[in-house]
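I opened this notebook page to record what I looked up in one protein structure. The entries follow the order in which I checked each point.

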Amino acid sequence: QGICRNVKTEEKQLQSKGGIRATLFVYAVVGIDAMVFASNAVSLVTYFNGYMNLSLTKSANSVTNFMGTAFLLSLFGAFITDTYFSRFKTSVLFGILPVLGYALLAVQAHLSQLRPFPCKDVPLSQKNRCESADSGQLAILYGGVYLIAFGNGGVKAPLVSLGADQFDEKNPKEAANLSSYFNWLLFFITIGAMLGVIFLVWIGDNKGWDWSFGVCSVALGLAILLLTMGRQFYRYNAPKGSPLTRISQVLVAAFRNRNLPLPQNKEDLHEIRSGEPENGMEILQRTDQLKFLDRAAIPRTNQEASTSNAHGPWSLCTISQVEETKIVIRMLPIILSTIFMNTCMAQLQTFTIQQCITMNRKIGNFVIPASSIPVIPQLFQLILIPVYDRIFVPTVRKYTGIPSGIRQLQRIGAGLVLSAVSMAVAAVVESRRKSVAIEHSMVDSASPLPMSVFWIVYQYIIISAAEIFTLVGLLDFFHAESTSGMKSLGLAISWSSLAFGYFTSAVFVSIINKLSGGWLANNNLNRDKLDYFYWSLAGVSILNFGFYLLCASWYKYKRPVQDQEDHI
């Protein structure tokens with residue numbers, strides 16, 4: 001009776017934790033992080049170009065490299081949280097680093113001796129005469145920037161996973177809430193980003209960059225404090241060992257057993273048949289793809305097993321471990337086919353901001369900061385996300401029977417189509433902007449063109465809709481398809497799509513410049529051929545969508561074995 005009483009007490013304690021209440025803390029922290037990150041994503045190119053005197057192309061590439069590094073380092077954060085620390089501890093430890101990074105940038109922006117004299121108001125024709133930042137000033141700049149990138153990247157996967165851990169996938173009611181979790185995650189990211197491009201960008205433009213970076217540092221410090229306040233409500237998922245080690249064991253074992261024939265009866269492959277799975281791992285059904293990896297689960301006979309390590313983890317793996325490796329390999333083509341969309345999105349945070357600077361940003365007597373223009377499509381996102389989650393998904397679910405309405409891969413594909421359309425629209429708008437500059441003889445003028453900045457809104461709205469489909473679809477897809485021991489790694493793989501998209505952006509800009517003879521070589525957009533660049537992005541996006549269709553048709557969804565309780 002005492003044992004039963006203790007079990008019931010533990011169940012009540014578990015039920016009192018997690019759920020929507022616990023995710024509210026995660027939503028708030030994610031929103032603050034997005035507020036800070038988004039404001040700098042759209043304004044750092046202006047700081048690099050106008051205050052640190054880097055060229056326009058170098059400024060754009062520096063920002064995309066910074067953002068790419070932040071998203072790529074989410075893989076490191078995922079490895080740490082899946083292997084050593086809980087999601088909560090990893091989020092707190094890495095969350096401290098951006099606080100220090102923004103504080104360092106605030107000090108540099110405040111002390112004039114730590115930066116060159118800004119030439120933001122120098123005429124376009126004399127931009128090349130500006131004094132460049134010296135090596136010491138650049139060391140401080142990039143030291144602060146990449147301290148931010150390292151911390152921000154380390155937080156991304158464990159923080160999102162911490163929120164997803166608050167819902168039990170095996171509970172039908174909580175599983176439905178988990179499906180909505182990723183939609184509302186983007187909702188709060190959008191709110192945070194919107195506040196960032198309104199208030200933090202305004203602070204940078206009107207109070208100074210030292211104030212802007214200082215507020216970012218304080219805000220992230222408060223976010224860490226807020227995350228710790230919710231620790232009593234969280235459900236904690238203990239690390240289950242390194243998924244990279246398990247994957248490596250499968251690859252090594254499959255190579256060692258490469259000469260062994262696969263058994264005709266697949267039941268002869270090694271698997272845990274009774275009791276609880278090791279480390280709480282899932283038991284997965286075997287799939288027919290990538291059959292060469294099944295050799296890692298071939299038990300050796302007594303004669304073959306003469307060596308002491310014949311049954312070790314590097315010689316014999318379970319079929320579930322093999323399937324976990326197959327899942328990761330099948331995910332890679334999906335990630336590769338979504339990278340280019342993020343290359344397109346990177347342009348809207350760099351070159352598009354520079355376009356806005358050249359256009360008429362007045363509403364009456366109020367001048368809209370160029371970096372705050374993205375708030376318009378973000379407002380559109382705030383309307384579309386609840387409509388998608390509360391109207392579209394339940395309606396479509398009635399016909400498809402799928403909890404998320406449509407398959408995640410279908411959702412991702414819709415976003416890829418919209419990204420191609422947005423680049424075509426961007427090209428048309430840029431052609432119109434340049435024609436206005438020529439018509440009014442303002443090609444070399446620093447004055448705003450007589451063309452409303454709201455022309456830019458069209459491409460922003462379309463790419464925002466693409467983000468709702470693709471980004472949320474990727475997060476949902478990789479969390480659902482990952483095993484319980486690699487949830488953070490799965491989410492980090494989805495974030496890495498953004499990372500490689502930003503890196504590809506810098507490479508793509510350099511390649512286009514070289515092949516075209518300098519479409520983007522000037523520091524004057526009115527003389528550059530940015531419209532041609534956008535058209536090339538649209539064309540490659542169409543080809544990329546064709547590649548995605550091939551990858552998505554090849555993918556097979558995970559098939560877990562039913563809970564053992566169902567067989568009792």
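The entries below cover confidence, overall make-up, a salt-bridge network and a surface patch.

**Entry 1: confidence.** I noted at the outset that this is a predicted model. The mean pLDDT of the protein is 82, and 89% of its residues reach 70 or more. I then looked up the extremes among the elements: helix H1 (residues 2-16) has the lowest mean pLDDT, 49, whereas H8 has the highest, 93. Within residues 6-11 the pLDDT is below 50, and I found zero contacts for this stretch beyond near neighbours in sequence. Residues 563-568 also stay under 50 in pLDDT, but for them the model has six contacts beyond four places in sequence. I remind myself that predicted coordinates should not be read in detail where pLDDT is low.

**Entry 2: overall make-up.** I recorded 16 helices and two strands for the protein. Of the 568 residues, 56% are buried. The accessible surface comes to about 25,100 Å², and carbon and sulfur atoms account for 62% of that area. I also checked contacts between residues at least 6 apart in sequence; 83% of these join residues at least 24 apart.

**Entry 3: salt bridges.** My count of salt bridges is 11. Which residue does Lys326 meet in a salt bridge at 2.9 Å, N to O? The partner is Asp294. Lys326 lies in helix H10 (residues 319-347) and Asp294 in the loop between helix H9 (243-256) and H10, so this pair ties together parts 32 residues apart in sequence. Lys326 forms a further salt bridge with Glu323, with the closest N and O atoms 3.1 Å apart. Both Lys326 and Glu323 lie in helix H10, three residues apart, about one turn of the helix.

I next asked whether Lys326 and Glu323 are buried or exposed. Lys326 counts as buried because its relative accessibility, 0%, falls under the 20% limit. Glu323, at 2%, is likewise buried, and Asp294 is buried as well.

Arg286 and Asp288 meet through their side chains in a salt bridge of 3.0 Å, N to O. Here I noted that Arg286 is buried at 17% relative accessibility, whereas Asp288 is partly exposed at 47%. Through salt bridges that share partners, Arg286, Asp288, Asp294, Glu323 and Lys326 are joined into one network.

**Entry 4: surface patch.** I last looked up a nonpolar patch on the surface, formed by Val218, Leu222, Leu225 and Met229. Together these residues have about 410 Å² of accessible area. Met229 lies in helix H8 (residues 209-229), the element for which I had recorded the highest mean pLDDT.

Notes: Residues numbered from 1 in each chain as written. Predicted model: local features only at pLDDT ≥ 70, side-chain atom pairs only at ≥ 80, totals over all residues. Heavy atoms only, no water. Patch = residues over 30% accessible without salt bridge, like charges linked within 9 Å, V, L, I, M, F, W, Y side chains within 5 Å. Areas by Shrake-Rupley, 256 points an atom, 1.4 Å probe, with all protein chains shown as cover. Salt bridge = Lys/Arg side-chain N within 4 Å of Asp/Glu carboxyl O. Helix = DSSP H or I, 4+ residues; strand = E, 2+ residues; numbered from the N terminus. pLDDT = per-residue confidence, 0-100. Contact = heavy atoms within 4.5 Å. Buried < 20%, exposed > 50% of the residue type's maximum accessible area, 1.4 Å probe, protein only.
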